[in-house]
Amino acid sequence: MTATAVKNKSAGLAVGDKAPLFDVAFDNAQAVTRESLRGKHMVLYFYPKDDTPGCTVEAKDFRDHIKEFEKLNTVIIGVSRDSVKSHDAFKKKYCLPFPLASDESGKTCEDYGVWVEKSMYGKTYMGIERATFLISKDGIIRNIWRKVKVEGHVQEVLNAVKNI
């Protein structure tokens, strides 16, 4: 599957659904609340692990396009199950200008249907599926990308934001 927008039911959520609320810890003890996001679109992207090759490329690509997203009144939030301490180091190392959410309990990953069975070298395990949700300022999911391929993904998300 390519990183195109999913228009049908996917892991319990679909385009047009109200986005689930989330209660997670953020890097640098930031407070990101529903109130602080009011009136803004949100790109909520889930990634497997801080400071790994694909996750680093994806984060740096969002970083490099942050001004374009900001002009479109859109915030970027990255989510993984890494600790706040890990997020702090990852942000500092790559000068990431957007919040990273620590979902150590996995509840938000489960609510968004990204905690899935994966396999590598014949072994199966549970992990985060690289996925992105575009949520409009009214809290409605406008696009869902599953099994994201990093190359070109951020530009595709930016184009979708322009069409909200």
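**Exercise 1. In which loop is Pro97 found? Describe its surroundings in this predicted model.**

Solution.
Step 1. Pro97 belongs to the loop that runs between α4 (84–94) and β4 (100–102).
Step 2. Its relative accessible area is 45%. Because buried means under 20% and exposed over 50%, Pro97 is classed as partly exposed.
Step 3. When neighbours within four places in sequence are left aside, Pro97 is in contact with Arg63 and Ile66.
Step 4. Arg63 is 34 residues from Pro97 along the chain, yet their C-alpha atoms are separated by 6.4 Å.

**Exercise 2. Give an account of the chain as a whole: which elements does it hold, and in what order do they run?**

Solution.
Step 1. The secondary structure comprises 6 helices and 8 strands.
Step 2. Read from the N terminus, the order is β-α-β-α-α-β-α-β-α-β-β-β-β-α.
Step 3. The chain has 164 residues, and 48% of them are buried.
Step 4. Of the contacts with a separation of 6 or more, 66% are between residues 24 or more positions apart.
Step 5. The chain exposes about 8,400 Å², with carbon and sulfur atoms supplying 53% of that area.

**Exercise 3. Which side chains make polar contacts with the side chain of Asp50? Determine also how Asp50 stands with respect to opposite charges.**

Solution.
Step 1. Asp50 is located in the loop between β2 (41–46) and α2 (53–64).
Step 2. Asp50 is buried but has no salt bridge. The nearest side chain of opposite charge is that of Lys49, 7.1 Å away. A salt bridge requires a nitrogen to oxygen distance within 4 Å.
Step 3. The Asp50 side chain makes one polar contact with the side chain of Ser86, at 2.7 Å, and another with the side chain of His87, at 2.8 Å.
Step 4. Beyond four places in sequence, the residues that Asp50 touches include Ser80, Asp82 and Phe90.

**Exercise 4. With which residue does Asp82 form a salt bridge? Examine this pair and two further salt bridges.**

Solution.
Step 1. The whole structure contains 8 salt bridges.
Step 2. Asp82 is paired with Lys49, and their closest N and O atoms are 3.4 Å apart. Asp82 lies in the loop between β3 (74–80) and α4, while Lys49 lies in the loop between β2 and α2, so the pair ties together parts 33 residues apart in sequence.
Step 3. The two partners can be compared by accessibility. Asp82 is buried, at 9% relative accessibility, whereas Lys49 is partly exposed, at 46%.
Step 4. A second salt bridge joins Arg130 and Glu58, at 2.8 Å from N to O. This pair links distant parts of the chain, since Arg130 is in the loop between β6 (123–128) and β7 (131–135) and Glu58 is in helix α2, 72 residues apart. Arg130 is buried at 14%, and Glu58 is buried at 1%.
Step 5. A third salt bridge connects Lys107 with Asp111, with closest N and O atoms 2.8 Å apart. These residues are 4 places apart in helix α5 (residues 107–111), which means that about one helical turn separates them. Asp111 is partly exposed, at 29% relative accessibility.

**Exercise 5. Which residues make the nonpolar surface patch of about 390 Å²?**

Solution.
Step 1. The patch is made by Met120, Tyr121 and Tyr125.
Step 2. Met120 is in strand β5 (residues 115–120).
Step 3. Patch members must have over 30% relative accessible area. Met120, with 44%, is partly exposed.

Methods. Residues numbered from 1 in each chain as written. Predicted model: local features only at pLDDT ≥ 70, side-chain atom pairs only at ≥ 80, totals over all residues. Heavy atoms only, no water. Helix = DSSP H or I, 4+ residues; strand = E, 2+ residues; numbered from the N terminus. Buried < 20%, exposed > 50% of the residue type's maximum accessible area, 1.4 Å probe, protein only. Lys, Arg positive; Asp, Glu negative; His and termini not counted. Polar contact = N/O pair within 3.5 Å; in protein donor to acceptor, adjacent residues only side chain to side chain. Contact = heavy atoms within 4.5 Å. Patch = residues over 30% accessible without salt bridge, like charges linked within 9 Å, V, L, I, M, F, W, Y side chains within 5 Å. Areas by Shrake-Rupley, 256 points an atom, 1.4 Å probe, with all protein chains shown as cover.
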